[in-house]
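The report below goes through a protein model together with its sequence, taking the strands, the metal site and the surface in turn. Please keep the structure in view while reading.

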Amino acid sequence: MDSHTGSETMIVQRIANGTVIDHIPSGKALAVLKLLGDPHVKGFRVALVMNVSSKKMGKKDIVKVEGVELSDEQVQRLALVAPQATLNFVRSYQVVAKRNVSPPSVVVGLLKCVNPTCITVKQREPVYSTFLLSSQAPLTYVCRYCGRELGEYEISSQVQ
Ligand SMILES: [Zn+2]
């Protein structure tokens, strides 16, 4: 028996309509949930499946969100927290579309440079931070203004 499919269906029912975010790195499910917003405030149902076996990743997390379609901004943030994530769009219990997220080549205004002397950090300068993708795995962005690199850990801690 396929242990992955078996454990998943034991824990969580299929959703009727919504989005299944699959291939989230193990341990990042809560970070992904944070970027969707508080389910109690926004009124959607969510199921977290953590630490399940994955052929591709070893261990992975899955987030199932009922009745929610992710906005473009949420997809962009998701790509920064979980660059290998896949989105499965579900209607009437069927997966009607799949989409891979991919880290954007340019990120404007979302990430902060960690170089204290960078022009984007100094308060009086009205400059939006701009980061350019330099590596997908491990995920690395470079500040356009000073060249300082942001690694995976720095990126995901900022996006939350
Ligand atoms: Zn910088």
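## The hairpin of β2 and β3 and its neighbour

Strands β2 and β3 form a hairpin, with three residues lying between them. The model is a predicted one, and in it β2, which covers residues 45–54, runs antiparallel to β3 and is joined to β3 by eight bridges. One position that can be located along this pairing is Ser53, which stands opposite Lys59 in β3.

Strand β3, residues 58–66, also pairs with β1, residues 18–25, again in the antiparallel sense and over six bridges. Here Gly18 has Glu66 of β3 standing opposite.

## The four-stranded sheet

Further along the chain, four strands make up an open sheet in the order β6-β7-β8-β9, and their pairing is antiparallel. The edge strands are β6 and β9, each of which pairs on one side only. In general, the strands of a sheet pair through backbone hydrogen bonds, in either a parallel or an antiparallel sense.

Between β6 and β7, which run antiparallel, there are three bridges, and the bridge partner of Val107 in β7 is Phe131. Strands β7 and β8 are likewise antiparallel and are joined by five bridges, with Tyr141 in β8 serving as the bridge partner of Leu133. The connection from β7 to β8 is a hairpin that passes through two residues.

## The zinc site

Which atoms coordinate the zinc ion? The donors are the SG atoms of Cys113, Cys118, Cys143 and Cys146, at distances of 2.3 to 2.4 Å. Along the chain, these donors follow the spacing C-x4-C-x24-C-x2-C. Cys118 lies in the loop between β6 and β7, whereas Cys146 lies in the loop between β8 (139–143) and β9 (149–150), so this pair ties together parts that are 28 residues apart in sequence.

The arrangement counts as tetrahedral because the four donor atoms around the zinc ion subtend angles of 99 to 115 degrees, and the criterion for four donors is that all angles lie between 85 and 135 degrees. For comparison, the ideal angle for four tetrahedral donors at a metal is 109.5 degrees.

Two of the coordinating residues can also be described by their accessibility to solvent. Cys118 counts as buried because its relative accessibility is 2%, while Cys146, at 32%, counts as partly exposed.

## The loop between β8 and β9

The loop between β8 and β9 also holds Gly147. Is Gly147 buried, partly exposed or exposed? With a relative accessibility of 42%, Gly147 counts as partly exposed, since that class lies between the limits of 20% and 50%. The C-alpha atom of Gly147 is separated by 18 Å from the C-alpha atom of Gln158, a residue 11 positions away along the chain.

## A nonpolar surface patch

Val106, Val108, Tyr128 and Leu132 together make a nonpolar surface patch of about 400 Å². Of these residues, Tyr128 is found in the loop between β6 (106–108) and β7 (130–136), the loop in which Cys118 also lies. Tyr128 counts as exposed because its relative accessibility is 65%, and the limit for that class is over 50%.

Methods. Residues numbered from 1 in each chain as written. Predicted model: local features only at pLDDT ≥ 70, side-chain atom pairs only at ≥ 80, totals over all residues. Heavy atoms only, no water. Patch = residues over 30% accessible without salt bridge, like charges linked within 9 Å, V, L, I, M, F, W, Y side chains within 5 Å. Areas by Shrake-Rupley, 256 points an atom, 1.4 Å probe, with all protein chains shown as cover. Salt bridge = Lys/Arg side-chain N within 4 Å of Asp/Glu carboxyl O. Buried < 20%, exposed > 50% of the residue type's maximum accessible area, 1.4 Å probe, protein only. Donors = N, O, S within 2.8 Å, 3.2 Å for Na, K, Ca; no water. Tetrahedral: all angles 85-135°; square planar, octahedral: opposite > 155°, others 65-115°. Pairing = 2+ DSSP bridges.
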